[in-house]
Amino acid sequence: MKVLVLGSGQLARMMALAGAPLNLTVIAYDVTSNAVVHPLTLQEQSQSLAQAIAQSDVITAEFEHIPEPILSLCAESGKFLPTPEAIRAGGDRRLEKALLDDANVNNAPYAIIHNRVDFDHAIAAIGLPLVLKSALGGYDGKGQWRLKTAAESDAIWHEMAQLLEQDSRQAIVAEAFIPFDREVSIVGARDKNGHIAVYPLAENVHINGVLSLSTAIDAPELQTQAHAMFEAVATRLNYVGVLALEFFDVNGELLVNEIAPRVHNSGHWTQQGAETCQFENHLRAVCGLPLGSTKLVRHTAMINILGEDALPTQLLTLPECHIHWYGKEKRAGRKMGHINVCGDFPGELQRNVCALTQWLDSDKFPAIHQFAKQFELTT
Ligand code: AMP
């Protein structure tokens, strides 16, 4: 089968790699350059989008910020999965919040802001501190403000007003600041018959709003909560494919922070740690194939490589360390690849993650150094 993926980044690349053994051929569409490209080489194909749509069996997406005319065109073909509604909700925080409420899923109290009056109402209704997020276009902590005291409100309003003026479709979502203990996420798949298979939860460490370290964890109570919320959202959307839900863990109670209607960075550990990785399961779901097992086969952690295009080759001497490069040009802070580290049992995984600190600088990989420090304190 031929699968057209909207977006030509690392997620499309890893889908292509995972699909090959099943004879699933992936081609990618770069929405920025409007070109159909090979997902690994990014070489332009002599094909228009309309031709690629006609020649593919299934169309899916690797990101949610897809220009509306492209999404509509693909939806009209009847081949697009998951639903366009899911993609739109993932790309617009207003729709996302409405969806979570509609699915009866716990999330942070919020208000929508279009003008200064709305802003003042949000402060009065929700209280401080507030987290303010642009409804459109924000990701990895971009387009966000923290309002801690009333004294900062004029300065923050000034910045938000500029953003609102640039685009009449834009709005700000004001959210209560959630004093969470940690952040976790669930990645799972739903097939065309409504069968759901979820992976074990991942615990996620973000540095400056960007995911740095993800570790698959065994937390049965949280897993049950997360599974139920996953099911509620996926069923409400009649979703087909891999979906991720990110949560705040507040004293053992999960609140959804956001959803990602696609394969997700916090599911990259599944390449080494699960029976079937998230990329294969996404393709299986959208191609109408049975889902693969999401069972944990090895305790695994994933470390993002940000803004670096080389690592000490000694890392490859570590038997339980796997490097995945994305073939991208180096840019500060850019997601360039990731490392999956495994262990046969949790203690071995901890040891293997700690072993990486001898090769990886703390300024470039702060999360693993923090992890190692915490481990030293608890043993
Ligand atoms: P987001 O782009 O919504 O995932 O936000 C980026 C990061 O900001 C999250 O991973 C959290 O660490 C933090 N964050 C977002 N929303 C809130 C909130 N309502 N309360 C506390 N921290 C938040």
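**A walk through the predicted model**

I will start with a loop: Pro 129 sits between helix α6, residues 116-126, and strand β6. The peptide bond that leads into Pro 129 from Leu 128 is cis, and its omega is near 0 degrees. Before going on, I should say that this is a predicted model.

There is a second cis bond to note. Leu 81 and Pro 82 are joined by a cis peptide bond, with omega about 0 degrees. Pro 82 belongs to the loop that runs between α3, residues 68-76, and α4, residues 84-91.

Now the ligand. How many residues surround the ligand, and which are the closest? The count is 16, and the closest are Lys 133, Gln 144, Glu 175, Ile 178 and Glu 183. Sorted by class, the shell holds 6 nonpolar, 4 polar and 6 charged residues. Domain 2, residues 109-176, and domain 3, residues 182-378, each supply at least three residues to this shell.

Next, some contacts. In the side chain of Glu 183, an N or O atom is 2.6 Å from an oxygen atom of the ligand. Ile 178 makes its contact through the backbone: one of its backbone N or O atoms lies 2.8 Å from a nitrogen atom of the ligand. For Arg 93 we are back to a side chain, where an N or O atom is 3.2 Å from an oxygen atom of the ligand. On its own the ligand has 480 Å² of accessible area, and the protein covers 94% of that. Which elements give two or more residues to the shell? They are β6, residues 130-134, β7, residues 144-147, β8, residues 172-176, and β14.

Let me stay with Arg 93 for a moment. Arg 93 is part of helix α5, which spans residues 93-102. Is Arg 93 buried or exposed? Its relative accessibility is 8%, so Arg 93 counts as buried; the cut-off for buried is under 20%. Besides the ligand oxygen, a polar atom of the Arg 93 side chain has the backbone oxygen of Ser 134 at 3.4 Å.

From the shell I follow β14 to its partner. Strand β14, residues 253-260, runs antiparallel to β13, and 7 bridges join the two. Within that pair, Val 250 stands opposite Glu 253. The two strands form a hairpin with 2 residues between them. One residue of the turn is Asn 251, which is not a glycine but has a positive phi near 55 degrees. With a relative accessible area of 71%, Asn 251 is exposed.

Strand β13 itself has another partner. It pairs with β9, residues 182-190, in the antiparallel sense over 9 bridges. Here Gly 188 stands opposite Leu 243 of β13. Why is β13 described as largely enclosed by the rest of the structure? The strand covers residues 241-250, and 9 of its 10 residues are buried, so that description follows.

A second hairpin involves β11 and β12. Strand β11, residues 202-207, pairs with β12 in the antiparallel sense, over 6 bridges. Ile 207 stands opposite Val 210 in β12. This hairpin has 2 residues between the strands, and Asn 208 takes a positive phi near 50 degrees. Strand β12, residues 210-216, is mostly covered, with 7 of its 7 residues buried. It also pairs with β15, residues 299-306, in the antiparallel sense over 3 bridges. In that pairing, Thr 215 is opposite Ala 301.

Asn 34 is another asparagine to list. Its phi is positive, about 55 degrees, although Asn 34 is not a glycine. It lies in the loop between β2, residues 25-30, and β3, residues 35-37. At 52% relative accessibility, Asn 34 counts as exposed.

I will end with helix α10, residues 278-286. What makes α10 largely enclosed by the rest of the structure? Of its 9 residues, 9 are buried, so the helix is largely enclosed. Among them are Phe 279, Leu 283, Ala 285 and Val 286, and also the charged Glu 280 and Arg 284. After α10 comes Gly 288, which has a positive phi near 75 degrees.

Methods
Residues are numbered from 1 along each chain as its sequence is written. This is a predicted model: local features need pLDDT of at least 70, side-chain atom pairs count only at pLDDT 80 or more; totals for chains, interfaces and linings use all residues. Side-chain values use heavy atoms; hydrogens and water are left out. Buried means under 20% relative accessible area, exposed over 50%, partly exposed in between (1.4 Å probe, protein chains only). Helices (H or I, at least four residues) and strands (E, at least two) are DSSP runs, numbered from the N terminus. Two strands pair if DSSP finds at least two bridges between them. A residue is near a molecule or strand if one of its heavy atoms lies within 4 Å of it. A polar contact is a pair of N or O atoms within 3.5 Å; within protein, one must be able to donate a hydrogen and the other to accept it, and residues adjacent in sequence count only if both atoms are side-chain atoms. Accessible areas come from the Shrake-Rupley method with a 1.4 Å probe; for residues, only the protein chains shown count as cover. Domain bounds come from an automatic or database domain assignment.
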